[in-house]
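Here are a few exercises to try with the model open on your screen. Have a go at each one before you read its solution.

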Amino acid sequence: MRTENLNTEGRPVKVVITVKRFAFLAIATLFAMQAAAISEAKKEAIAERIKPVGTICLQGDDCAAAAVVASAGPKDPSDIYSGNCAGCHDTGAAGAPKVGDAASWAPHLAKGIDALYTNAINGIGAMPAKGLCMSCSDDEIKATIDLMISKSE
């Protein structure tokens, strides 16, 4: 017997390689059988967990025709005030004139109502444009300013 064909345990090299190949194939076969044994319910549960969160519908697609945007009409100035303006105009934060305080509004009103509207729509100082109500129209902002002034006279 030739020693160069033997491994450290004295076995022929071909036998060791064959046993390793058999073990690998056996393990691979077990994994394949396990994967095939997943029930249909488990497959559906997995598909549900990894499905996309949403879809994209572009103009011209069949799904685009289904989307209809209905106008809700003008927003109520009270709702705009409470949602966007009250945080600063109730407390006077960053120099905002406080609603209900005629003295704090006097310097702003002295510039004229059009200047007040322009500043509210475009922003001034620490106040962002439209008080960050970007879905509000200019007329809705003006109506909100009118409400704030009427509560401050």
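**Exercise 1: a helix pair**

In this predicted model, the axes of helix 3 and helix 6 come within 10 Å and cross at roughly 65°. Work out how helix 3 is oriented relative to helix 6, and say which residues meet.

*Solution.*
1. Start with the angle: 65 to 115 degrees counts as roughly perpendicular, so helix 3 is roughly perpendicular to helix 6.
2. Next, the handedness: helix 3 passes helix 6 in a right-handed crossing.
3. Now look at who touches whom. Helix 3 brings Pro77, Ser78, Ile80, Tyr81, Cys85 and His89, and these meet Glu140, Ala143, Thr144, Leu147 and Met148 of helix 6.
4. Sort that contact by class and you get seven nonpolar, three polar and one charged residue.

**Exercise 2: the largest pocket**

Find the largest pocket and describe its lining: how many residues line it, and which helix supplies the largest share?

*Solution.*
1. Get a feel for the space first: the largest pocket holds about 520 Å³.
2. Then go to the lining, which has 28 residues; His89, Ala96, Pro97, Ile124 and Met127 lie nearest the pocket's centre.
3. Check the helices. Helix 3 (77–89), helix 4 (102–110), helix 5 (113–122) and helix 6 (138–150) each give at least two residues to the lining, with the largest share, five residues, coming from helix 3.
4. Finish with chemistry: the lining splits into 17 nonpolar, nine polar and two charged residues.
5. Tie the two exercises together through His89: this helix 3 residue is in the contact with helix 6, and His89 is also among the lining residues nearest the pocket's centre.

Technical notes:
Residues numbered from 1 in each chain as written. Predicted model: local features only at pLDDT ≥ 70, side-chain atom pairs only at ≥ 80, totals over all residues. Heavy atoms only, no water. 1 Å grid on protein atoms, 1.4 Å probe; cavity = no way out; pocket = protein on both sides within 12 Å on 5 of 7 lines; lining within 4 Å. Points joined across faces, edges and corners; volume = space filled by probe spheres on them. Helix = DSSP H or I, 4+ residues; strand = E, 2+ residues; numbered from the N terminus. Nonpolar A, V, L, I, M, F, W, Y, C, P; charged D, E, K, R; others polar. Axes fitted to C-alpha atoms, helices over the stretch in contact; angles between N-to-C directions. Parallel < 35°, antiparallel > 145°, perpendicular 65-115°, else oblique. Left-handed = near helix turned anticlockwise from the far one by under 90°. Contact = heavy atoms within 4.5 Å.
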